[in-house]
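User: Could you walk me through a few of the helices in this model? I would like the reasoning along with each answer.

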Amino acid sequence: MEIKKLGVIGSGQMGNGIAQVAAASGIEVIMSDIKEEFTAKGVANIKKNLERSVSKGKLEQSAMDTTLAKIKTTVNLSDMADADFVVEAAVEREDLKFKIFQDLDSICPAHAILSTNTSSIPIGRIAAKTKRPDKVIGMHFMNPVPVMKLVEIIRGLPTSDETFKITWDLSEKLGKTPAEANDFPGFIANRILLPMINEAVFCLYQSVGKPKDIDTVMKLGMNHPMGPLELADLIGLDTCLAIMETLYDGFKDSKYRPCPLLRKYVEAGWLGRKTGKGFYEYNK
Ligand code: CAA
């Protein structure tokens, strides 16, 4: 199946990154969100990324213009009617994703594959909301999308081999390296990453170390590019908490309990970079 048009649901940090890499690989993109203000912000971020590459001499101005011309935006989900493949990257809330998939199922053509960038909600549960569960799959990009090479592809129980193959090929077309995971809470990436981040928050909670020291240990001691608390701020503390809750609910194992301090930060609206404050402070 040739993917001529890719729909991206959500124009936030993941959605606009996915739109950027798809457009850069020559695919027509339609990126949606609930408000024009959000889609405009998403496009502005893509422009900023591309401009940075042009100014570094890594991208021709003409290639930047071609990429931008391939991205259209909308606030109407009905504009996904001619999408061959959709990547949903909306907020990590189950009820919201269920509604989006039900709507996409009735809007998109019968051949369209509906994928989700969920970081931990079961694919089978989302697929069951549609009449095409064989065409529902997880396509989990990493943040920042233009830089990170991985796409974790998650097969739900009903996902067909054909859907899997098309998604794998699309990931490679986008310049990414896919890895296959089965549909268990957190899949592979977040099953391993988030307990590490949560443990770093416990170290802070129990005064084992200050944020900078915790991050320095992991950066210089383990060669991680970012410390776990810096990374939590990049991912978003609300997303980190949602993933820990999915792991905890899914396995009913106390080793996945979210650190109470993480919950306190989220309740205070300290969500990391996107709100200007998390474990560190940022200039907005
Ligand atoms: N968007 C686009 N490009 C970006 C970017 C962004 N937000 N941030 C950095 N870059 C680019 C820079 O422009 C630069 O590009 P060039 O090499 O072409 O010059 C390159 O990335 C390196 O950037 P910097 O030199 O500024 O900084 P760095 O070397 O410290 O790298 C980083 C920054 C790539 C973010 C690096 O710190 C890193 O890899 N961190 C770990 C990120 C990570 O673990 N991501 C996974 C999060 S988990 C997730 O996403 C899944 C989930 O469900 C929660």
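User: Which glycine follows α1, and what is the sign of its phi?

Analyst: Happy to help, and please keep in mind that this is a predicted model. Right after α1 comes glycine 26. Its phi is near 100°, so the sign for glycine 26 is positive.

User: What distance separates the end C-alpha atoms of helix α1 (residues 13–24)?

Analyst: Let's start from the expected value: at 1.5 Å a residue, the twelve residues of α1 should span 16 Å. The model agrees with that, as the end C-alpha atoms are apart by 17 Å.

User: How many of the twelve residues of α1 are buried?

Analyst: Buried here means under 20% relative accessible area. Among the residues that qualify are Met14, Ile18, Val21 and Ala23. Helix α1 is largely enclosed by the rest of the structure, because the number of its twelve residues that are buried is ten.

User: Are α9 and α10 roughly parallel or roughly perpendicular to each other?

Analyst: The axes of helix α9 (residues 228–235) and α10 come within 6 Å and cross at roughly 100°. Ala232, Asp233 and Ile235 of α9 make the contact with Leu237, Thr239 and Cys240 of α10. Angles of 65 to 115 degrees count as roughly perpendicular, so α9 and α10 are roughly perpendicular.

User: In which hand does α10 pass α11?

Analyst: Helix α10 (residues 237–251) packs against helix α11 (residues 260–267) at about 135°, with the axes 9 Å apart. That angle makes α10 oblique to α11. As for the hand, the crossing is left-handed.

Definitions and conventions
Residues numbered from 1 in each chain as written. Predicted model: local features only at pLDDT ≥ 70, side-chain atom pairs only at ≥ 80, totals over all residues. Heavy atoms only, no water. Helix = DSSP H or I, 4+ residues; strand = E, 2+ residues; numbered from the N terminus. Expected span 1.5 Å × (residues − 1). Buried < 20%, exposed > 50% of the residue type's maximum accessible area, 1.4 Å probe, protein only. Axes fitted to C-alpha atoms, helices over the stretch in contact; angles between N-to-C directions. Parallel < 35°, antiparallel > 145°, perpendicular 65-115°, else oblique. Left-handed = near helix turned anticlockwise from the far one by under 90°. Contact = heavy atoms within 4.5 Å.
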